[in-house]
Amino acid sequence: RAVWDVDLEIHAGEFVFLVGPSGCGKTTLLGLIAGLERPREGAVERDGEAVRATSPDVAYMLARDALLPWLTAEENVELGLRVRGLPRDERRRRSAEWLRRVGLAEFGRSGILRLSQGMRQRVAIARTLAMTPKCILMDEPFAALDALTRVLVQQEFVDLWERERQTIVFVTHDLAEAILLGDRVVLMSKRPGRIVADIRVELPRPRNLDFPYANDGFEEYHQLLSARLRDEVRA
């Protein structure tokens, strides 16, 4: 069993983080929500309908950027739109718009291998959001970035989310990231993964991502989650 006895409801527009020990089933939950996995028992529903397959309303962003190195930045952003059969002009329009929003307007014709890791991750964000999904699933998408680039990309992503307000389910091992970005932090137990805490983060937005402890109340959330996570890891 990867996960067991999980009862979780996520509302439209929420930014929810899943945290827990390695191997506790966080990625399995994303796969179930995406329709890439089927539960052996129980049910997964999205908008009141049983999830039986993947959906164009759901986008999945991986830990690595997963861009195709033989395509340019704009062609990578267009990839999902091509799969959906959108006309070329509409694909180009959306690609240009989202590259502009992530600060890469002048790099549309650039080869992926000529871009830094942070720039590639922003192309991946543009590719994800260009598909206008209602729900975005994210599996540690910023983990490979250096500390400074990570904060910059996090801030850019939060700014985009605050304008679009998609539902986001985000897997991370970084408690500070979960507290600073999320509306809720769902803590899972060791395998088989169960939900042992579901904590709403009441820190006002916008939040200071550069200096986490400058956010009033951050330390209390961090201590609470750290203690619970240590207990699960020791278990």
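A residue is called buried here when its relative accessible area is under 20%, exposed when that area is over 50%, and partly exposed in between, using a 1.4 Å probe and protein chains only. This is a predicted model, in which local features need pLDDT of at least 70 and side-chain atom pairs count only at pLDDT 80 or more, while totals for chains, interfaces and linings use all residues. Residues are numbered from 1 along each chain as its sequence is written, and side-chain values use heavy atoms, leaving out hydrogens and water.

**The sheet**

Let's start with the strands, which like the helices are DSSP runs numbered from the N terminus (strands E, at least two residues; helices H or I, at least four). Six of them form an open sheet with mixed pairing, in the order β4-β5-β6-β1-β7-β8; two strands pair if DSSP finds at least two bridges between them. At the edges sit β4 (58-61) and β8, each pairing on one side only. Further in, β1 (residues 15-19) runs parallel to β7 over four bridges, and leucine 18 has valine 186 of β7 as its bridge partner.

**Helix α7**

Across β7 and β8 lies α7, running at about 170° to β8; such angles run from 0 to 180 degrees between N-to-C directions, with axes fitted to C-alpha atoms, for helices over the stretch in contact. Contact itself means heavy atoms within 4.5 Å. Phe218, Tyr221, Leu225, Ser226, Leu229 and Glu232 of α7 are buried. Because they cover an arc of only 125° around the axis, they fall on the same side of α7; the arc is taken from the directions from the helix axis to the C-beta atoms. Their cover includes α6 (175-181), β7 (184-188) and β8 (195-200). The face turned away from this buried side carries the exposed Glu220 and Arg234.

**Salt bridges**

The whole structure holds 15 salt bridges, each a side-chain nitrogen of Lys or Arg within 4 Å of a carboxyl oxygen of Asp or Glu. Among them are these:

| Acid | Base | Closest N and O atoms |
|---|---|---|
| Glutamate 177 | Arginine 150 | 3.2 Å |
| Aspartate 183 | Arginine 205 | 3.0 Å |
| Aspartate 198 | Arginine 184 | 2.6 Å |

Aspartate 198 lies in strand β8 and arginine 184 in strand β7, so this pair ties together parts 14 residues apart in sequence. Arginine 184 is buried, with a relative accessible area of 6%, whereas aspartate 198, at 40%, counts as partly exposed. Salt bridges that share partners join Glu14, Arg184, Asp198 and Arg200 into one network. As for the other two pairs, glutamate 177 and arginine 150 are both buried, while aspartate 183 is buried at 13% relative accessibility and arginine 205 is partly exposed at 25%.
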